[in-house]
Amino acid sequence: MPRDHRPTGSVRILLAEDQGMMRSALALLLGMEPDFDVVAQVESGDAIVDAALHSRPDVALLDIELPGRSGLDAAADLRTEAPECRVLILTTFGRPGYLRRAMEAGAAGFLVKDGPVGELAKAIRRALGGETVIDPALAAAALGAGPCPLTPRERDALNASADGATVADIAVKLSLSESTVRNYLSSAIGKTGTRNRMEAMRAARSQGWL
C-alpha cells in the first residue's frame, strides 16, 4: 500500500514558477481551497531547496524550465533534503522525456498547466494520500516513446553546446579532453539521427531528454 503523506492540519504548499502573473494567479486559486496554504513562492530553481527547508511544505509544485536550476533537478534535491515533501511537476511542456526524468527524480506527479485548478487540487490530495498522479495522455505518450537513449555524459555535452560553445569550451566546462567531448557529441548525433550537434541538442530538447 502507498504511504500516506497527508498532513494533520492545512496543506502547506511551495510554488515554483518563473512567470510572475502565472505564479500569483495559481497561488490565489490554490489559496481559495479551505485546506490549502501557499507558504512559499519562488521564481528560480536555485531557490527551491532553501525555500523548502525554511517553510517546510507538504507539497512542492515545480515548473520545469526555471532560471538557474531546473525543476527536475530541484525535485531530485528535495528527495534528499526534504524527503517528507511530495513533489508535483506542473509544466507547459508535456514531453515524454520530462515525465521519465520526473519519475526518476522521485516526483509524486506530473501534470500539464492547461488543466482546471480543481483537478490540480484533487491531484495534490491524491499525492498526499500516497498516490502517483500522472496526466493520462502524457503517460500513454511516454510509454510509446521509449527511454532516453543518451548517457548522462552525452546529455551534459549537448547541454554545454548551447550558445555556440566550441568543443574546447565544452571540454573546459566539463573537465574533459576535447577528443572525449567529440566522441560524446558524435554518439549523441548518431542516437538522435541528426546531422550536427545543434540539431541533436534541439531534437533531444524536443523529446524532453535535456
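1. In this predicted model, helix 9, which spans residues 178-192, packs against helix 10, which spans residues 197-207, and the two axes lie 9 Å apart at an angle of about 55°. That angle makes helix 9 oblique to helix 10, since an angle counts as roughly perpendicular from 65 to 115 degrees and as roughly parallel under 35. When you look at the pair in the viewer, note also that the crossing of helix 9 and helix 10 is left-handed.

2. The residues that make this contact are L185, A188, I189 and T192 on the side of helix 9, and R197, A200 and A203 on the side of helix 10. Sorted by class, the contact of helix 9 with helix 10 consists of five nonpolar residues, one polar residue and one charged residue.

3. A second helix pair can be described in the same terms. Helix 1, made of residues 20-31, and helix 5, made of residues 117-128, pack at an angle of about 65°, and their axes are 10 Å apart. Helix 1 and helix 5 are therefore roughly perpendicular to each other, the range for that word being 65 to 115 degrees. Helix 1 passes helix 5 in a right-handed crossing.

4. In the contact of helix 1 with helix 5, helix 1 contributes L26, L29 and L30, while helix 5 contributes V117, L120 and I124. The residues of this contact divide into six nonpolar, no polar and no charged.

5. Turning to the strands, the model has an open sheet of six strands in the order 2-1-3-4-5-6, and the pairing is parallel. The edges of the sheet are formed by strand 2, residues 36-42, and strand 6, residues 133-134, each of which pairs on one side only. Helix 2, residues 48-55, packs on this sheet and touches strand 1 (11-16), strand 2 and strand 3 (59-62), and the direction of helix 2 makes about 160° with that of strand 1.

6. At one edge of the sheet, strand 1 and strand 2 are paired in the parallel sense over six bridges, and V11 stands opposite F36 of strand 2. Following the chain, strand 1, helix 1 and strand 2 together make a right-handed β-α-β unit, so that helix 1, already met in the contact with helix 5, also belongs to this unit.

7. Further along the sheet order, strand 4, residues 86-91, runs parallel to strand 5 and is joined to strand 5 by four bridges; for T91, the bridge partner in strand 5 is V112. Strand 5, residues 109-112, in turn pairs with strand 6 in the parallel sense over two bridges, where G109 stands opposite V133 and F110 has I134 as its bridge partner.

8. One point deserves a careful second look in the viewer. The chain crosses from strand 5 through helix 5 to strand 6, and this β-α-β crossover is left-handed, whereas the unit of strand 1, helix 1 and strand 2 is right-handed. A reader who traces both paths should keep in mind that this is a predicted model.

Key
Residues are numbered from 1 along each chain as its sequence is written. This is a predicted model: local features need pLDDT of at least 70, side-chain atom pairs count only at pLDDT 80 or more; totals for chains, interfaces and linings use all residues. Side-chain values use heavy atoms; hydrogens and water are left out. Two strands pair if DSSP finds at least two bridges between them. Contact means heavy atoms within 4.5 Å. Axes are lines fitted to C-alpha atoms, for helices over the stretch in contact, and angles run from 0 to 180 degrees between N-to-C directions. Angles under 35 degrees count as roughly parallel, over 145 as roughly antiparallel, 65 to 115 as roughly perpendicular and the rest as oblique. A crossing is left-handed if the near helix is turned anticlockwise from the far one by less than a right angle, and right-handed if clockwise. Ala, Val, Leu, Ile, Met, Phe, Trp, Tyr, Cys and Pro count as nonpolar, Asp, Glu, Lys and Arg as charged, and the others, Gly among them, as polar. A crossover is right-handed if, with the strands pointing away from the viewer, the path from the first strand over the helix to the second runs clockwise.
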